[in-house]
Amino acid sequence: MPGKGPVGEQVGIREEDARQVLAAIDPEETVEFLRGLVRIPSVNPEGDVRDAIAYCMKPLAAAGFGCRTVGIEETKPNLVAEFGQANGPTLCFNAHVDVVPTGAESAWTHPPFGADLADGRVYGRGAGDDKASVTAQVMAGLALARSGVTLGGRLVVNEVADEETNGTAGAKFIVESGEVRPDFVIVGEQTLNRVCVGEKGTAGATITTFGRAAHGALPWEGANAIEAMGRVVAALQDELWPRLEARTHPFFHHSSGSINMVQGGVKSNVVPDRCSVYVDRRLVPGEDPAETQAEIEEIARLAVAGIAGTRVEVQAAPEVRPATMSEPDSPLVRAMIGANQYLGLSAELTGFSMASDGRFFAAAGYPTIIYGPGDPRLAHVPDEWVGVDELLEATRAYALAALALIGGHD
Ligand SMILES: [Zn+2]
């Protein structure tokens, strides 16, 4: 383990504490914990995570954590495991134990709940998303407790249900109920162990073109809503997509849009009077959901303006939100970057392109970052895997960041 004292000191990690905590991480135990967790099929839907949560609670309780489960649905408990000094700052580790369905198992070469260990990887549904993060957080918590280092604050290990649906019974409940009131939040999702200062916003929209029905043999009697939609789609591609590509941000991928659903037509010989598409818009910090909606509306209106008998409507998705972002120079971001530097990992700041449970914490005003092992491109696909090395690095990085934020100081 590279002991880079000066880096640790910069972010308030005592060298002696760092050594003790890192020595308390057992690589074999960590890998086996992940494999055991992957073998528990906590598929959402239905999202029953009772076994997975009990599995996480057991070693934490044994190591002296005060543990409770809280929630609003019997099959979707959330773990709140606390350790340390209640009168200091509170750091919350959050990740989710539910996983998406496997899809056709014939597409897998490793059984989805077999937790195969091969080529330095653990395979299985949830190996990366999100059980590697859960494992690293639980193991980092255990290392802090077992090492005997003095803490000046409190660690809350919060492993939750329901992330893969909408978080209502999981992180949303945790935040809204006030079950956890942290000073810092590290949400574990697949970031390749890079520090994500926040996550993109979203502002989806359903665009509907309306025309007039007619017999398919007499199309001039009608107004074809699908053909009108063709113009709208082309206009979005020609005008909006290039604009979004130009909306860059130093930490995030550029702004984006994608037409992900289409619906239209009633029969092969009927001119359609209605067609809808769903536009998935992802926002970088600085973009306003209402403005992005108006932007789509204007382009769609102009696209059908010259087509007789047609009009267009745009309706916002039920949940729209701006991007979230923690201050790059905040104690939380500096602690996580410091941990990565200590370990010789990436010191680059990035943004999370997907949505995470971090949005609930960030919206409530809690400083929140996203960090975890695994590649987001492997999430939700067959033969999902996580590298053993990155799992262990994440465990160490979480533990060091915790020392920086809630460790004892001279
Ligand atoms: Zn996830």
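In helix H3, the buried residues (20 or more other C-beta atoms within 10 Å of their own, with C-beta atoms placed from the backbone) are Thr30, Phe33, Leu34, Leu37 and Val38. They lie on the same side of H3, because the arc they cover around the axis, taken from the directions of their C-beta atoms, is only 130°. That fits a familiar pattern: an α-helix has 3.6 residues a turn, so residues three or four places apart point the same way.

This is a predicted model, in which local features need pLDDT of at least 70 and side-chain atom pairs count only at pLDDT 80 or more, while totals for chains, interfaces and linings use all residues. Residues are numbered from 1 along each chain as its sequence is written.

Which elements cover the buried residues of H3? Those listed here are among them, where contact takes C-beta atoms, placed from the backbone, within 7 Å; helices (H or I, at least four residues) and strands (E, at least two) are DSSP runs numbered from the N terminus.

| Element | Residues |
|---|---|
| helix H4 | 50-62 |
| strand S5 | 121-123 |
| helix H5 | 131-147 |
| helix H11 | 388-406 |

H11 also gives the largest share, 13 residues, of the largest nonpolar core. Such a core is a set of buried Ala, Val, Leu, Ile, Met, Phe, Trp, Tyr and Cys residues joined through C-beta atoms within 7 Å. Of its 115 residues, Met336, Ala401 and Ala402 touch the most other members. Leaving aside neighbours within four places in sequence, Met336 is in contact with Ile186, Val195, Ile369, Tyr371 and Ala401.

Across the protein chain, there are 11 helices and 18 strands, and buried residues make up 50% of the 410 residues.

Terms used:
A residue is buried if 20 or more other C-beta atoms lie within 10 Å of its own, exposed if 12 or fewer, and partly exposed in between; C-beta atoms are placed from the backbone. Two residues are in contact if their C-beta atoms, placed from the backbone, lie within 7 Å.
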